[in-house]
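Hello,

Here is the structure for your files. My notes follow below it.

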Amino acid sequence: MSDKNIVLHVADVHKRFGGLHALADVDLQVEEGTVHAIIGPNGAGKSTLLNVCVGRIKPDRGQVVFDGQALNNHQPHQINQLGVSRVFQTPEIFADLSLLENVMIPAFAKRDGAFRFNASSPVAKQKDIREKAEAALEDVGLQNRRNVEAGSLSRGDKRRLELAMCLVQNPRLLLLDEPTAGMSRHDTNSTIDLLKRIKSRGMTKVIIEHDMHVVFSLADKISVLAQGRIIADGTPEDVRANPKVKEAYLGEAQT
Ligand code: ADP
Ligand code: MG
């Protein structure tokens, strides 16, 4: 048994959509400071699992425990306040606002527990938040475009912006749903480099990914989800060699 602290424990989670078992008896433990990837074919239940973790979907059975605390009745913003930030599969940004404004909003939310971007705040606090937002934009390589409207960005850059919106909160746990989806190989590689750079900061990360290349160059641990169930769990080497995993991916290729 490992003596590492478990930051996130998904305990026997079950979720049905009508007759479909999107998640069945999912049990998952994420150790502090690791990059834990969740892989699996399309429709395996990966995004549903992430949505359960952030309080957007309530499981039918089981629970999510973050840092020893069960998240049974927590709303998404409360889970965010506890130190969980996430990047969804479809970018959720404020298209009419500048990049800088987009990143300042979650920084305020983190500090005040509410969206108070338009409220009058002391100048010093505004300055502090602005500096943090600029640093987060620099982290993702978008600092030169901080005054551009977010809606004008390419899909890949929108995803980078969302990542900055998470990093500015300096979360304990960062959840990423297919952070390289829709990106060119070049953008994918620069996003992998970025994720490797922030790996050293020690925040725990759960990455949901379809692209094996991304997973094997980043993850410490991998869990494989297929048809709502965890079919394999372990180091990248263990998982790569697991015949069930090969089968799940080959099965997908045939459809
Ligand atoms: P993945 O992210 O692994 O591709 P999802 O978690 O998005 O998979 O979906 C898992 C399964 O649950 C799919 O069959 C999907 O169609 C279904 N599903 C997801 N969300 C809903 C929903 N809100 N209502 C009904 N079915 C859903
Ligand atoms: Mg998904």
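How far is an oxygen atom of ligand 1 from an N or O atom in the side chain of Thr 48? The distance is 2.6 Å. This is a predicted model, where local features need pLDDT of at least 70 and side-chain atom pairs count only at pLDDT 80 or more, while totals for chains, interfaces and linings use all residues. Residues are numbered from 1 along each chain as its sequence is written, chains are lettered from A and ligands numbered from 1 in the order in which they are written, and side-chain values use heavy atoms, without hydrogens and water.

Ligand site. Lys 46 has a side-chain N or O atom 2.8 Å from an oxygen atom of ligand 1, and for a polar backbone atom of Ser 47 the distance to a ligand oxygen is 2.9 Å. Residues around the ligand (a heavy atom within 4 Å) include Phe 17, Leu 20, Pro 41 and Gly 45.

Cores. The largest nonpolar core (buried Ala, Val, Leu, Ile, Met, Phe, Trp, Tyr and Cys joined through side-chain atoms within 4.5 Å; buried is under 20% relative accessible area, 1.4 Å probe, protein chains only) has 34 residues. Val 103, Leu 137, Leu 161, Leu 163 and Leu 174 touch the most other members. Domain 1 (1–83 + 171–255) and domain 2 (95–170) both contribute residues, so this core lies between them; the bounds come from an automatic or database domain assignment. Another core, of 27 residues, lies apart from it and includes Leu 28 and Val 84.

Regards

Definitions and conventions: Buried means under 20% relative accessible area, exposed over 50%, partly exposed in between (1.4 Å probe, protein chains only). A polar contact is a pair of N or O atoms within 3.5 Å; within protein, one must be able to donate a hydrogen and the other to accept it, and residues adjacent in sequence count only if both atoms are side-chain atoms.
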